Structures are given as C-alpha cells and as structure tokens.
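Q: I'm new to this one and would like a close look at a single part of it. Please start with one spot where charged side chains may come together, then work outward from there.

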Amino acid sequence: TTGNNPSSGGTVHGSWAFLAKGQATSPTTTQGDIIVRGASADTRLAIGAAGKALLVNASGNGLEYGGAGITMAQTWRITSNYDIPSSANQVITSNWEIADTYSYGGLGASMTESSGVFTFPSTGIYQIIFSGQHTTSSAIDWSQSEIHNTTNNSSYQVVGFGYATLQGSNGYQSSYAQFMFDVSNTSTHKIKFGVRGSNGNSSLVGHTNENTTNFTFIRLGDT
C-alpha cells in the first residue's frame, strides 16, 4: 500500500521489517562451511576433516565435527610359531605381518610396528584384542598371553592377561586378552604384546596365510 513500499535507498519500511532477517554478509569463508547460530549471532562452522560427521557437542548447545563411528580396524598376526619362555615376561618382537589373505578387509589407516612396539595412526579410544592359540610339547599349568601399554613411551605395564592350560603333548588351546586404551597422544601411548609360561613347554601358533595367533585393533571413537 501507499507509503509501505521499500525505499529506493535500499532500506525497508518498518512495516516490512520481517523481511530484514539475517546478517548483511555471510560469515562463511570456505567451500563447505555452514552457518550455525552462536550465543548471540550467526557464526561460521568450518568444514570438518574428511570422514568426520556433524555432531552435537558435549555441552549440548552447539555443533561440531567428530568421529563417525568406527573409522579404523586392523588385524595383525605372527607368521610362525613363537616359543613361550618360563622366565620373566617376554615381548614378541619379530615375525609380524598385517593379515592379507582370503579377502581380508581392514579399515582406515594402519598401525605401525617396530621391534614389537605398536604405534597408533591417530588419537582415539581403541579396543585391543590378543587372541592366542597355544600348543605344547608336554603338560603345562598355564601358558600366558599379555597386553602391555605405556603412556610415556618408556615404562610399560601389563593391562590384559589371557591363559591356556594344556595337558599332555601336541594339545591346543586358545587364550583371550583385551584392553580399551585411551590414546590421547600417539607419540607416548603405545602397545606391545608379551608371553610367559609356567614352564618352557608351550608355543604360540603362527601362520602366514591364516589367523591363528592374531591381534586386532579397533578405533571406537574420539578420545
């Protein structure tokens, strides 16, 4: 109606104020950015890293990018039998490989291994599983599998145990150990695997084509 039209100077008559919503310029700067409501105004949320999902933050009052479910899973194994000593805990330092046969399917970035010490590809909460297959030349009360961790890249402690008991010779039994590790720093938080027996009669069974004694790493989410 007369007198209520927008002015030629680019302003809007008070009766049209409902049309003047939003900001004069967009806060976005990069392709993929989105506009979100901040505490008092619209703000820019930068595009997240590849593979990340849009999540509600821990405070429940905003959005952020974070892990989208399981993003990394990998199985390692030993390629030949490994004799288990009756002395102090012994770390498995050789004959390692990533499973690679029969349409094996890993997910995401790879763990790295050096002399039995495993380094994680990124920070996060990881489930670590040591599934041991034990065999013996004669009876043994216990044949032990162990998960060791460090948070300072120096001192290690045993955080998971598995046991097998075998009677007689040429027997087989499985052990299971697992640990959920909060890897907040990939330079200091590491894993290795150890073994020990009540005597020297047992071995872990290894194979280069099949998962006998094997080790699984699953990244469950962000730290």
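A: D222 is partly exposed, with a relative accessible area of 36% (buried means under 20%, exposed over 50% and partly exposed in between, with a 1.4 Å probe and protein chains only). Its partner is R219: the two form a salt bridge, and their closest N and O atoms are 2.6 Å apart (the term asks for a side-chain nitrogen of Lys or Arg within 4 Å of a carboxyl oxygen of Asp or Glu). R219 has a relative accessibility of 5%, so R219 counts as buried. The story doesn't stop at two residues, though: salt bridges with shared partners join K52, R219 and D222 into one network.

A quick word on what you're looking at. This is a predicted model, where local features need pLDDT of at least 70 and side-chain atom pairs count only at pLDDT 80 or more, while totals for chains, interfaces and linings use all residues. Residues are numbered from 1 along each chain as its sequence is written, and side-chain values use heavy atoms, with hydrogens and water left out.

Back to the charges. How many salt bridges does a search of the whole structure find? The count is 6. One of the others brings together the side chains of D42 and R37, at 3.7 Å from N to O. D42 is partly exposed at 27% relative accessible area, while R37, at 56%, counts as exposed.

Then there's E97 and R77, a salt bridge with its closest N and O atoms 2.7 Å apart. E97 sits in strand 8 (residues 96-98) and R77 in strand 5 (residues 72-78), so this pair ties together parts that lie 20 residues apart in sequence (strands, E, have at least two residues and helices, H or I, at least four; both are DSSP runs numbered from the N terminus). Are these two buried or exposed? E97 is buried, with a relative accessible area of 16%. R77 counts as buried too, at 1%.

Now zoom out. The protein chain has 17 strands and 0 helices. Of its 223 residues, 34% are buried. Take the contacts between residues at least 6 apart in sequence, and 66% of them turn out to join residues at least 24 apart (a contact means heavy atoms within 4.5 Å).

What about the nonpolar inside? The largest nonpolar core has 23 residues, and I92, F120, F130, I191, F193, F215 and F217 are those with the most contacts inside it (a core is a set of buried Ala, Val, Leu, Ile, Met, Phe, Trp, Tyr and Cys residues joined through side-chain atoms within 4.5 Å). At least two core residues come from each of strand 5, strand 11 (124-136), strand 14, strand 15 (190-197) and strand 17 (214-221).

F217 is a nice one to click on. Not counting residues up to four places away in sequence, F217 touches a whole list of residues, including M72, W76, M111, F118, F120, I191 and F193.

Next, the rings. A search of the whole structure turns up 16 aromatic pairs (rings of Phe, Tyr and Trp, the last by its six-membered ring, pair if their centres lie within 6.5 Å; planes under 30 degrees apart are stacked, over 60 edge-to-face, and the rest tilted). F118 and F217 make a tilted pair, 5.3 Å centre to centre with 35° between the planes. With F118 in strand 10 (residues 117-119) and F217 in strand 17, this pair ties together parts that are 99 residues apart in sequence. F118 is buried at 0% relative accessible area, and F217 is buried at 0% as well.

W142 and Y163 form another pair, edge-to-face, with 6.5 Å between centres and 85° between planes. W142 is in strand 12 (residues 140-150) and Y163 in strand 13 (residues 157-166), so distant parts of the chain, 21 residues apart, get linked. W142 is partly exposed at 28%, and Y163 is partly exposed at 47%.

Many aromatic names keep coming back: W76, W96, F118, F120, Y126, F130, F179, F181, F193, F215 and F217 form one aromatic cluster.

Finally, look at Y176 in strand 14 (residues 172-183). Y176 is partly exposed, with a relative accessible area of 49%. Leaving aside neighbours within four places in sequence, Y176 is in contact with I129, F130, F161 and G162. The C-alpha atoms of Y176 and Q144 are separated by 9.5 Å, though the two residues are 32 apart along the chain.
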